Amino acid sequence: MDIESELYKQNPWWEGKFEEKSIQRDIYLNELFRNIKSKEVIFLTGLRRIGKTTILMQTINQLLINKTKPQDILFIRLDSFNFLAYSIHQLVEEYRKIHKKSATDFFYLFLDEVTSRDDFEQELKSLYDNENIKIICSSSIATLMRDKKAYLTGRTRTIEVMPLTFQEFLQFKGAKIGKADKAKLESYFKDYLKIGGIPHYVLTEDRAYLNELVESIVYKDIIAYHKISGEKAVKELFVLLCQRVGKPMSYNKLAELLKISVDSVKRYVSYFEKAYLFYVVDRYSKSPNERITSPKKIYIGDVGIKNIITEFKDLGASYENLVFLKIKNKNPNYYLENSVEIDFITKDSLIEAKYNQEPNEKQLEAFNAVKLKNKIIAKGYKFFLD
């Protein structure tokens, strides 16, 4: 196999043949460009097919618009079959030969699916320490800095790509909405609750695509990646977690249902977390012991995936899940006092998610008793518009 022709194929801008027409996700582009001049390695992480490669391409397009020379940009799809036999260093050397670049010449290095390489951390550390380059990577699995050696500690910035926000969803749907179009917004929001925010699925609504994506995550990112032999238990656990979105769950109960050990359940849930498929939320407590021993709540990385598994039934759970995804970066816990639960508590806010309904008397009482600056009852689409 000719590495040179494969590199040309993956870097069409070298021959002026590059067109980038996808819908821009400015949230991530802006964050990338805020950090483009720093030395840190940027990691784009997130659920499989959430649009990370597209964002890399949009970044390259923006660099070209900003007059970066095409030959100063190298993109490598590391899970490409033709490159499996080569290290990142060998591919970089080949690129230098093609463009007659010396060891001190600056360039941008984009590495797609970097965690498909076992020793990516050592390679990146060596490039970071010895080369004059800016490295931007993507990965569907949060393995970074989990090992004991942690080669890249202090050298990285991670940007997690989330499913489309409601505003992005409207943009992807080409929705033109005036300030007074309440009914239209309500209708689009119902679609958002059902479809979720995986970009390609939002554009096509092709259920087969989403089913295939779920298979791909469960097999590639969990069963194959972690070399699990009991794949039936992993699939059954996935379905159980989809059904329990937003409800307190106990690892013991799940282990009992699946007839596997509690340790296996905990381990599999942690693999789901690493693949951005589920997030686990602790109960709020000042006592670490109580936090550890209390039941957890679980949320899914995208509500469209949940709805493919459970059908479009529990709107309240899907709504609560969307609220969680919107505030996830604030590290929310759930609040439980005298057996009354409030969905989320963060450092400065208390949030109860109620899709088209009101909190009951006990919840309101508990809500009012908590001394926090912001108290929000999220009821419909308005919560997602600010």
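## What lines the largest pocket

Five elements, α2 (26-34), β5, α6 (166-172), α15 (315-327) and β11 (349-353), each supply at least two residues of the lining of the largest pocket. Of these contributions, the one from α15 is the greatest, at four residues. The structure you have in front of you is a predicted model, so please read everything here in that light.

The volume of this pocket is about 740 Å³. Its lining counts 31 residues, and T165, L325, K326, I327 and N329 are the closest to the centre. If you sort the lining by character, you find 16 nonpolar residues, eight polar ones and seven charged ones.

## The five-stranded sheet

Now to one of the pocket's contributors, β5, in its wider setting. An open sheet of five strands, paired in parallel, follows the order β2-β3-β4-β1-β5. At its edges are β2 (73-77) and β5, each of which pairs on one side only. From one strand to the next, the twist averages 15 degrees.

You can walk across this sheet pair by pair, starting from β2. Strand β2 runs parallel to β3 (residues 107-112), and five bridges join the two; here R77 lies opposite D112 of β3. Strands β3 and β4 also run parallel, joined by five bridges, and F107 is found opposite I133 of β4. To get from β3 to β4, the chain passes through helix α5 (residues 120-130), and this β-α-β crossover is right-handed.

Further along, β4 (residues 133-139) and β1 run parallel with four bridges between them. Two facing pairs help you find your place at this junction: F43 stands opposite C137 in β4, and T45 stands opposite S139 in β4. Beyond β1 comes β5 (residues 156-160), which pairs with β1 in the parallel sense over five bridges. On that side, F43 has T158 in β5 as its bridge partner.

## Two covered strands: β1 and β4

Which way do the residues of β1 point? V41, F43 and T45 point to one side, I42 and L44 to the other, and all of them are buried. In other words, five of the five residues in strand β1 (residues 41-45) are buried, and the strand is mostly covered.

Why is β4 described as largely enclosed by the rest of the structure? Seven of its seven residues are buried, so the surrounding structure largely encloses this strand. The cut-off to keep in mind is that a buried residue has under 20% relative accessible area. Within β4, I133, I135, C137 and S139 point one way, while K134, I136 and S138 point the other way, and all are buried. The buried residues of β4 thus include a lysine, K134.

## A look at Q58

Another residue worth finding in your viewer is Q58, which sits in helix α3 (residues 52-65). Is Q58 buried or exposed? With a relative accessible area of 1%, Q58 is buried, because buried means under 20%.

Q58 also has a partner from another part of the chain to look at. Q24 is 34 residues away along the chain, and 7.0 Å separates the C-alpha atoms of Q58 and Q24.

## The three-stranded sheet

Elsewhere in the model, three strands form an open sheet with antiparallel pairing, in the order β6-β8-β7. Its edge strands are β6 (248-249) and β7 (278-281), each pairing on one side only.

How many bridges join β7 to β8? There are four, and β7 and β8 (residues 296-300) run antiparallel. If you want a landmark for this pair, V280 lies opposite I298 of β8.

## β11 and β12

To finish, we come back to β11, one of the elements that supply at least two residues of the pocket lining. β11 runs parallel to strand β12 (residues 374-378), and the two are joined by five bridges. Within this pairing, E352 has I377 in β12 as its bridge partner.

Between these strands you will find helix α16 (residues 361-369): β11, α16 and β12 together make a right-handed β-α-β unit.

Conventions:
Residues numbered from 1 in each chain as written. Predicted model: local features only at pLDDT ≥ 70, side-chain atom pairs only at ≥ 80, totals over all residues. Heavy atoms only, no water. Buried < 20%, exposed > 50% of the residue type's maximum accessible area, 1.4 Å probe, protein only. Pairing = 2+ DSSP bridges. Axes fitted to C-alpha atoms, helices over the stretch in contact; angles between N-to-C directions. 1 Å grid on protein atoms, 1.4 Å probe; cavity = no way out; pocket = protein on both sides within 12 Å on 5 of 7 lines; lining within 4 Å. Points joined across faces, edges and corners; volume = space filled by probe spheres on them. Nonpolar A, V, L, I, M, F, W, Y, C, P; charged D, E, K, R; others polar. Right-handed = clockwise from strand over helix to strand, strands pointing away.
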